[in-house]
Amino acid sequence: SEDELRRMTAAAVRRPMTPDDVPSDELRGLHQALIAPVAPYLTAKRIGVIPHGVLRYLPFAALTPRSSDAASPRYFSDDRDLFFLPSASVLPHLLRKRADESRGTAVVFGYAGIPPLPHAVAEARAVAQQRGVAPLLGEQATRATFLERASAARLIHLAAHAQLNAERPLFSAISFADRPLQAQDISALDLRRAELVVLSGCQTSVGAWNRGDDVIALHQAGFDSAVASLG
């Protein structure tokens with residue numbers, strides 16, 4: 001039932017895991033309920049997952065077959081390359097990317113904000129050093145600069161506070177030094193050069209269990225992949 005899926009998913013998401021953890025009963029039970037019935041048909045190595053409702057928060061990669069050895073478990077992602085979409089309707093936006101589109105460099109922002117977000121600036125410095133670019137930190141990390149540079153970037157990394165608006169998802173925002181950047185601002189951008197957008201802020205992948213319109217709006221900007229946080 002949906003209530004049971006909600007309970008098991010909530011337990012699986014909220015339980016911290018370490019590399020040495022034994023998979024929980026919830027992860028095994030969810031694999032049995034969701035993957036086992038269709039396992040004979042999953043012949044491809046790469047599988048797309050389009051979760052609905054409560055399943056948007058489910059860590060599909062960590063689902064574990066009941067037959068898996070508890071001492072050395074195998075997870076669903078050990079045998080399959082998984083990718084996720086909020087809706088099948090985002091596929092046309094991704095497929096319209098021009099095959100000959102030149103890729104840009106990286107743009108990295110780190111804004112600790114108020115109250116200070118621990119390690120945001122250090123994280124931005126580390127990512128920028130790895131990519132060989134100068135990070136935009138503190139008062140340099142402005143919404144105006146993001147809007148100016150994002151369309152030419154191959155990697156976009158934002159380490160900053162995020163504000164979730166579950167009732168009006170397009171008004172969810174990321175903090176910058178001058179003013180917040182809302183989801184609806186990003187949807188109007190052309191980010192087809194971007195291979196990856198990292199939203200390193202609290203709850204950037206959290207919201208009401210709805211159709212995922214906030215995430216769809218981000219994909220409409222044209223980038224390939226995003227990394228966001230449930231925490």
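Which residue in strand 10 does valine 198 stand opposite? I started my notebook with that one, and I found valine 227 across from valine 198. Note to self: I'm working with a predicted model here.

**Entry 1: the whole protein**

I zoomed out next. I counted 8 helices and 10 strands in the protein. There are 231 residues, and 42% of them count as buried. For the surface, I got about 12700 Å² exposed, with carbon and sulfur atoms supplying 53% of that area. I also looked up contacts between residues at least 6 apart in sequence: 75% of these join residues at least 24 apart.

**Entry 2: around strand 9**

Back to the strands. I reminded myself that strands of a sheet pair through backbone hydrogen bonds, either parallel or antiparallel. Strand 9 covers residues 196-200, and it pairs with strand 5, residues 153-160, in the parallel sense. I noted 5 bridges for that pairing. Leucine 155 has leucine 196, in strand 9, as its bridge partner. Strand 9 also runs parallel to strand 10, residues 225-227, and 3 bridges join the two.

**Entry 3: a little open sheet**

Which way do the strands of the 6-7-8 sheet pair, parallel or antiparallel? I looked: this open sheet of 3 strands has antiparallel pairing. Strand 6 (162-163) and strand 8 (181-182) are the edge strands, as each pairs on one side only. Between strand 7, residues 173-174, and strand 8 I found 2 bridges. Here alanine 173 stands opposite glutamine 182 of strand 8.

**Entry 4: the nonpolar cores**

Now for the inside. The largest nonpolar core has 21 residues. Which of them touch the most other members? My list reads Phe109, Phe146, Ile156, Leu158, Phe176 and Leu191. Strand 3 (105-111), strand 5 and strand 9 each supply at least two residues of this core. Strand 5 gives the largest share, with 4 residues. So strand 5 turns up twice in my notes: it pairs with strand 9, and it supplies that largest share of the core.

I picked phenylalanine 146 for a closer look. Leaving out residues up to four places away in sequence, phenylalanine 146 touches Phe109, Ile156, Leu158, Phe176, Leu181 and Leu189. Apart from this core lies another one, made of 14 residues. Leu27, Val54, Phe60 and Ala62 are among its members.

Conventions: Residues are numbered from 1 along each chain as its sequence is written. This is a predicted model: local features need pLDDT of at least 70, side-chain atom pairs count only at pLDDT 80 or more; totals for chains, interfaces and linings use all residues. Side-chain values use heavy atoms; hydrogens and water are left out. Two strands pair if DSSP finds at least two bridges between them. A nonpolar core is a set of buried Ala, Val, Leu, Ile, Met, Phe, Trp, Tyr and Cys residues joined through side-chain atoms within 4.5 Å. Buried means under 20% relative accessible area, exposed over 50%, partly exposed in between (1.4 Å probe, protein chains only). Contact means heavy atoms within 4.5 Å. Accessible areas come from the Shrake-Rupley method with a 1.4 Å probe; for residues, only the protein chains shown count as cover.
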